[in-house]
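Q: Pick one buried corner of this model and take me through it slowly, neighbours and all. I'd like to hear how the pieces around it fit together.

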Amino acid sequence: MKYIDEYRDARIARGLAKAIANCARHNWVLMEICGGQTHTIMRYGLDEILPRQIELVHGPGCPVCVTPLETIDRAIALALRPEVILVSYGDMLRVPGSDLDLFRAKARGADVRIVYSPTEAVTIARGNPDRNVVFLAIGFETTAPANAMAAWQARREGLANFSMLVSHVLVPPAIRALLASPENRVQGFIAPGHVCTVMGYQEYEALVRDFALPIVVGGFEPVDLLEAILMLLKQLEEHEARLENQYVRSVSCQGNLPAQRIMQEVFEIADQKWRGIGPIPRSGLRLRSEFAAYDANKVFDLELITADEPAECISAQVLQGLKKPTDCPAFAMRCTPENPLGAPMVSAEGACAAYYHYRRHARAS
Ligand code: SF4
């Protein structure tokens, strides 16, 4: 299959691993931002074929993992109202809230429905004019255009029974916050290819300049990631710091301009709380005032619901690359995909789930 098979070719991957081994003369800590990239690394054992000088740490690019606990609690509170249909992606149903998750809320009679696109939520609202349909709209820049389109469509149709509980996060401010932290160890980043497909990669220039470290936009297949690592390594060993694009088959410098336009029409940049990490200035999106009628936080007066993270889950350190999932005492013991304590064990893009599925045996004893 074009653009798949050649990026999973073991012979090419081995050649890249050899080139990386030949290039690595010093120790380097590299971070892949995206949870999809983390899963590829674990699934194909890429970290195991790298030379010992390269340490890969995993970033906060899992949308389910960084959705604040209070957003989950708000969604559950809404779902338990008899007049509400709570609509969400399937991944969100098992994310633990303070007391229960959306699956358990559903078992208690809440009308929780799974969709595969935001426009399905609009369709549900259209078909249920006597109920309030709330779509749990989470994600990075990747999902923001489609979520924006749902609000835009609802407004165009004058749907009065549709709203969105929005928790949108942005990658560049999160990288800036990680780099500005005194605890930071990361010396080079693999930027998320799918986010850059939408947004382009101009925004990353300022990070390269301000922190003097290389960033390479990377894809999601094993060969993509090994190539991105080699590109980072060549720069680091030569004391260079540039922005490069490995994922040229999908990403252009400017990105998808129509998608950016609909995002800007519906959303504006706002401060955002990240689950585990805390607030990061200007790192999220909220609905513009013109779309206030579609903002579930305002429609249902949810802003009073707040929550504190459980102390046992160390996802804050995992999401910042400071600890590995196997460093968590609860990993594969009290925390499993069936009984998760934290979101990174639930999500298909969560680092803890990746370690559990692909190397559970490697848990530190
Ligand atoms: S293993 Fe579970 S408790 Fe530990 S950091 Fe991951 S999600 Fe949190």
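**E221 and the helices beyond it**

A: Leaving out residues up to four places away in sequence, E221 touches I4, Y7, R8, T40 and R249, where contact means heavy atoms within 4.5 Å. A caveat before going on: this is a predicted model, with local features needing pLDDT of at least 70 and side-chain atom pairs pLDDT 80 or more, while totals for chains, interfaces and linings use all residues. Numbering runs from 1 along each chain as its sequence is written, and side-chain values use heavy atoms, without hydrogens or water.

E221 sits in the loop between β8 (215-218) and α12 (222-237); helices (H or I, at least four residues) and strands (E, at least two) are DSSP runs numbered from the N terminus. With a relative accessible area of 12%, E221 is buried (under 20% is buried, over 50% exposed, in between partly exposed, with a 1.4 Å probe and protein chains only).

Now follow the contact with T40. T40 is one of the buried residues of α2, along with G35, Q37, T38, H39, I41 and M42. That makes seven of nine, so α2 is largely enclosed by the rest of the structure. After α2 comes G45, with a positive phi near 65 degrees.

Next up is the partner helix, α16 (residues 351-359). Seven of its nine residues are buried too, so α16 is largely enclosed by the rest of the structure. Those seven are A351, C352, A353, A354, Y355, Y356 and R359. Their cover includes α2 (35-43), α3 (46-49), β2 (54-61) and α15 (315-319).

How do α2 and α16 lie against each other? Their axes come within 9 Å and cross at roughly 15 degrees; axes are lines fitted to C-alpha atoms, for helices over the stretch in contact, and angles run from 0 to 180 degrees between N-to-C directions. The two helices are therefore roughly parallel (under 35 degrees; over 145 is roughly antiparallel, 65 to 115 roughly perpendicular, the rest oblique). The crossing is right-handed, as the near helix is turned clockwise from the far one by less than a right angle; anticlockwise would be left-handed.

On the α2 side, T38, H39, M42 and R43 do the touching, and they meet A351, A353, A354, Y355, Y358 and R359 of α16. Six residues in this contact are nonpolar, two polar and two charged (nonpolar: Ala, Val, Leu, Ile, Met, Phe, Trp, Tyr, Cys and Pro; charged: Asp, Glu, Lys and Arg; the others, Gly among them, polar).

Stepping back along the chain, the loop between α15 and α16 holds A332. A332 isn't glycine, yet its phi is positive, near 60 degrees. Most residues other than glycine have a negative phi. A332 is buried, at 14% relative accessible area. D301, in the loop between α14 (296-299) and α15, also has a positive phi, near 55 degrees, but D301 counts as exposed at 58% relative accessibility.

One last look, at the cores: these are sets of buried Ala, Val, Leu, Ile, Met, Phe, Trp, Tyr and Cys residues joined through side-chain atoms within 4.5 Å. The largest has 91 residues, with F162, M164, F189 and Y204 making the most contacts inside it. A332 turns up in a second, separate core of 39 residues, which also includes W28, L236 and F331.
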